[in-house]
Amino acid sequence: MEVTQFAKDDVKVKIMTKIPVSGWSYDEGKRCLVENDDPTAFGAGAIQFKVRENVEKFDFYKDDFENYQDMEDRVIGGITFRGRTYRNIGYDWIQYIAQLDDGCALSIGLRNMDCVPGTMPDIILNNMTFQ
């Protein structure tokens, strides 16, 4: 999948990973992998991708997050991502953010799903590469 920065189609990140043949789908409009065969399934767990110019841009609503906690960093695709958990707009989130280059930062947000070793979200993240 390719994820572009809002209002800047020339700033994009190509994300490659493996997902199961069934039980997961991709919602192009929301830029997320959905833990359901129907990408529009309400309340389904999802892995959402966002691109901004720097990691600080992901902190814009940080003061509105409930139960905010920093968590252990995670290496995804050879890049160290800073981890955090919080509750926002009724959903529990795990979010990993990293600066990929001078003008491009990536957020990988896991909504309403755990990411413990051996689970499908963990496997998907472990198989990710970026271009």
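A salt bridge is a side-chain nitrogen of Lys or Arg within 4 Å of a carboxyl oxygen of Asp or Glu. In this predicted model, the count by that rule comes to 5 salt bridges. Behind the rule sits a simple idea: side chains of opposite charge can pair when their charged atoms come close.

Some of these pairs join up, with Asp 59, Arg 82 and Arg 84 linked in a network of salt bridges. Within that trio, the side chains of Asp 59 and Arg 82 meet at 3.9 Å, N to O. The pair links distant parts of the chain, 23 residues apart: Asp 59 sits in the loop between E5 and strand E6 (66–76), while Arg 82 belongs to strand E7. As for solvent, Asp 59 is partly exposed, with a relative accessible area of 24%, and Arg 82 also counts as partly exposed, at 33%. Arg 84, the remaining member of the network, turns up again below among the strand pairings.

Another salt bridge joins Asp 122 to Arg 74, with the closest N and O atoms 2.6 Å apart. Asp 122 lies in helix H1 and Arg 74 in strand E6, so this pair ties together parts that are 48 residues apart in sequence. Are the two partners buried or exposed? Asp 122 counts as buried because its relative accessibility is 10%, under the 20% cut-off. Arg 74 is buried too, with a relative accessible area of 12%. Helix H1 itself covers residues 120–126. Leaving aside neighbours within four places in sequence, Asp 122 is in contact with Cys 115, Val 116 and Pro 117 as well as with Arg 74.

A further pair is made by Arg 87 and Asp 92, whose side chains meet in a salt bridge at 3.0 Å, N to O. Here Arg 87 is partly exposed, with a relative accessible area of 27%, and Asp 92 is likewise partly exposed, at 41%.

The strands come next. Strands of a sheet pair through backbone hydrogen bonds, either parallel or antiparallel. E7 and E8 take the antiparallel option, pairing over 7 bridges. Arg 84, met above in the salt-bridge network, has Gln 95 in E8 as its bridge partner. The two strands form a hairpin with 2 residues between them, and Ile 89 in the turn has a positive phi of about 55°. E8 then goes on to E9 through another hairpin, again by way of 2 residues. E8 and E9 run antiparallel and are joined by 8 bridges, one of which can be placed through Ala 98, whose bridge partner in E9 is Leu 106.

Elsewhere, an open sheet of 3 strands has the order E1-E2-E10, with antiparallel pairing. Strand E1 (2–5) and strand E10 (129–130) stand at the edges, each with a single partner strand, so one side of each is left without a neighbour in the sheet. Between E1 and strand E2 (residues 8–16), the antiparallel pairing runs over 4 bridges. Gln 5, for instance, has Lys 8 in E2 as its bridge partner.

A couple of asparagines also deserve a look for their backbone angles. Asn 67 has a phi near 55°, a positive value in a residue other than glycine. This asparagine lies in strand E6 and is exposed, with a relative accessible area of 59%. Asn 112 also has a positive phi, near 55°, but is found in the loop between E9 and H1. Asn 112 is partly exposed, with a relative accessible area of 34%.

Finally, there is the largest pocket, with a volume of about 600 Å³. Which residues lie nearest its centre? Of the 28 residues that line the pocket, those are Gln 48, Lys 50, Asn 88, Ile 89 and Trp 93. Ile 89 is the turn residue with the positive phi in the E7–E8 hairpin. The elements that give two or more residues to the lining are strand E4 (32–34), strand E5 (46–52), strand E7 (79–88), strand E8 (91–101) and strand E9 (104–111). By type, the lining residues divide into 14 nonpolar, 7 polar and 7 charged.

Technical notes:
Residues are numbered from 1 along each chain as its sequence is written. This is a predicted model: local features need pLDDT of at least 70, side-chain atom pairs count only at pLDDT 80 or more; totals for chains, interfaces and linings use all residues. Side-chain values use heavy atoms; hydrogens and water are left out. On a 1 Å grid over the protein atoms alone, a cavity is a set of points where a 1.4 Å probe fits but cannot get out, and a pocket is an open set with protein on both sides within 12 Å along at least five of seven lines; lining residues have an atom within 4 Å of a point. Grid points are joined across faces, edges and corners, and a volume is the space filled by probe spheres set on the points. Ala, Val, Leu, Ile, Met, Phe, Trp, Tyr, Cys and Pro count as nonpolar, Asp, Glu, Lys and Arg as charged, and the others, Gly among them, as polar. Contact means heavy atoms within 4.5 Å. Buried means under 20% relative accessible area, exposed over 50%, partly exposed in between (1.4 Å probe, protein chains only). Two strands pair if DSSP finds at least two bridges between them.
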